[in-house]
Each structure stands twice: as C-alpha cells, then as structure tokens.
Amino acid sequence: MKKAENIGIMVLGIIVIYGDGYGMKLLQKTQRIVRYRNQKDKVCYGIVDDEEILQLSGDFNEIVNNELNYDGVKVKVEDVEILEPVSPSKLINFGWTYAEHANETGGEANLEEPFLFLKPASSLIPNEGDIVLPPARLTNQVEMEGEVALIIGKHGKNITEEDALDYVFGCTIFNDVTARDLTKTDPQFTRGKGFDTFGPLGPWIVTGLDPTNLKIVTTLNDKVVQNGNTNEMSLSIPYLISWISQVMTLEPGDVLATGSPSGSSPMKSGDVVSVEVEHIGKLRNYVK
C-alpha cells in the first residue's frame with residue numbers, strides 16, 4: 001500500500017498528515033483507538049473508521065499525547081488480529097462499588113472506601129479470546145462481571161478529585177472473571193481473580209466519553225444477566241482515581257476497572273459471554 005508523505009502540522013496538539021483526506025477524522029474528540037497485529041506480524045495502533053483501521057505510526061505514549069500520526073495505511077478490521085488495547089503496568093480493580101452486586105456476592109454495600117484488588121497481566125485476553133476454565137479441582141464456580149474500565153493517559157500521584165478525569169485517556173470494557181467459590185473462602189481475592197484468561201479487555205479504547213454515565217449490559221448466551229449504569233455506583237469515579245493515586249502512582253496505560261453491577265452469573269464450557277457498554281461497543285468471549 002502506498003504511504004502518505006510525511007508532511008504535517010501541529011493543530012491543537014494533534015499531528016495531522018495531509019494528502020490522504022483523513023485529517024479531520026484524526027481531529028475528532030471521540031475516537032476508537034485499537035491495538036492489533038497486522039498482516040506483517042507487527043503490533044500497531046490505529047483509529048477505527050467504520051470497518052477499517054487507519055494505522056498510526058506512533059506508540060501508545062505518543063497517542064496519549066495527542067500525536068495521532070496517520071501513516072497512510074488502511075486495513076480492514078476483519079483482516080487483523082485485535083489485541084488487548086493496552087499492555088498495562090497495573091490492572092487495578094475496585095470491588096463492591098455497586099450496592100446490589102456487593103449484596104449478592106456477600107460483600108459490603110455502600111463502603112466509605114473502595115475494596116481494592118489487583119489482577120496480573122497474564123489474566124488479560126482480547127475481544128473474541130477464550131476464557132479457559134480452571135480444572136474442577138481448583139474451582140467449581142466461575143462467574144462473569146461486566147465493567148467499564150478506564151485507561152490512564154498520564155503520570156499521576158496524589159490527584160485531586162477535581163482533576164481526576166483529566167488523567168483518563170479513554171474508556172474500554174472489562175470482564176472481571178471470578179472464581180466465586182474461592183473469593184468467598186480466601187482471605188484475599190488474588191487466587192479467585194488471578195487465573196490466566198480471567199481478564200477480557202477491549203475491543204478498543206474510546207476517547208472523549210463521560211465515564212460517570214455509561215450503560216452496561218452483559219449477556220450470557222444472548223440472555224441479559226446484567227443491566228446497570230455507572231451512575232449507580234456508590235463511590236464516584238473521580239473519587240476512585242484520587243483515592244488510588246494516594247496509594248500508587250498511575251502510569252499511562254494503567255487499567256482501572258470500576259466494578260460490576262448486579263447479576264453476576266456462573267459460566268460453563270461452551271458459553272458465550274458479551275459485555276456491551278454504550279458508546280464503546282461489545283466485548284465478546286468464549287468459555288472453554
């Protein structure tokens with residue numbers, strides 16, 4: 001494919017490449033940023049435009065600094081391997097942020113401070129990836145939890161609530177797969193939350209959204225099992241960002257999973273689970 005000439009100017013902090021007709025698309029406030037492996041086995045970032053991806057030449061750090069440098073290559077979404085949208089240094093999870101979910105899982109509703117746990121990077125899988133159930137000797141009750149996840153866009157420590165949303169690059173979808181029998185018996189959640197493939201994330205990052213009012217619908221084999229909205233959270237998203245930044249420094253690409261509404265349900269081999277969030281899309285995975 002022919003590459004565009006590397007000629008551009010800086011407009012509102014965004015590099016626009018001329019001669020391709022896509023300059024205005026790169027300037028839009030709301031973009032779907034996807035990470036993928038192309039036909040040449042190279043991992044790239046791009047902007048999703050209908051059924052095509054406008055390939056970007058920069059890495060994630062350049063993208064979060066609004067340097068959207070289109071390199072002239074377009075690929076079809078169906079022709080590439082969609083990956084997790086980021087490779088985070090930390091996958092931070094907030095639990096029991098929805099009162100009904102806390103009640104249904106034996107947690108504590110309306111906490112004054114969030115319940116915190118981490119997932120390992122090895123738990124991450126992309127959209128359309130397989131959730132692999134552990135052997136029955138390890139767990140007999142694996143459930144889904146559909147959530148909105150925040151992608152951090154800049155280094156932050158001791159962030160104020162007033163400034164918190166300025167540190168969010170965009171939003172994506174997360175499925176906090178959980179071995180419920182283990183989280184009910186273990187003193188902490190690492191084992192029940194940390195199995196390989198227990199962290200579906202994607203399919204892309206959407207910029208320019210208000211994460212405090214997004215509808216979440218989770219289906220299991222096309223049956224709705226969760227139906228909630230981030231405006232139902234008992235702890236606000238700006239508070240969560242500020243609170244965790246007092247504990248650990250946030251870095252670009254870190255993932256903050258904001259918790260799940262009620263309706264978490266057991267899954268079995270052969271099931272298909274989808275989490276859909278308005279203005280973002282659908283994260284679908286297959287249970288093996």
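1. Let's start with lysine 193, which is buried: its relative accessible area comes to just 2%, and the cut-off for calling a residue buried is under 20%. Bear in mind that this is a predicted model.

2. Where does lysine 193 sit? Its place is in helix α5, which covers residues 190–193.

3. As for what surrounds lysine 193, set aside the neighbours within four places in sequence and you find contacts with Phe117, Lys119, Glu145, Asp176, Val177, Thr178, Thr183 and Phe198. If you have the viewer open, Glu145 and Asp176 are among the residues on that contact list.

4. Zooming out to the fold, the secondary structure of the protein adds up to six helices and 21 strands. The radius of gyration is 19 Å, close to the 19 Å that the globule rule gives for 288 residues, so the protein is as compact as a globular protein of that length. Along its principal axes, the C-alpha trace spans about 60 × 45 × 30 Å.

5. On packing: 56% of the 288 residues count as buried. Take the contacts with a separation of 6 or more, and 71% of them are between residues 24 or more positions apart.

6. What about the surface? The protein exposes about 13000 Å², and carbon and sulfur atoms supply 48% of that area.

7. Last, the charges. The protein has 26 positive and 41 negative ones, with Lys and Arg counted as positive and Asp and Glu as negative. The mean positions of the two sets are 5 Å apart.

Definitions and conventions. Residues are numbered from 1 along each chain as its sequence is written. This is a predicted model: local features need pLDDT of at least 70, side-chain atom pairs count only at pLDDT 80 or more; totals for chains, interfaces and linings use all residues. Side-chain values use heavy atoms; hydrogens and water are left out. Helices (H or I, at least four residues) and strands (E, at least two) are DSSP runs, numbered from the N terminus. Buried means under 20% relative accessible area, exposed over 50%, partly exposed in between (1.4 Å probe, protein chains only). Contact means heavy atoms within 4.5 Å. The radius of gyration is taken over C-alpha atoms; the globule rule is 2.2 Å times the number of residues to the power 0.38. Accessible areas come from the Shrake-Rupley method with a 1.4 Å probe; for residues, only the protein chains shown count as cover. The place of a charge is taken as NZ of Lys, CZ of Arg, CG of Asp or CD of Glu.
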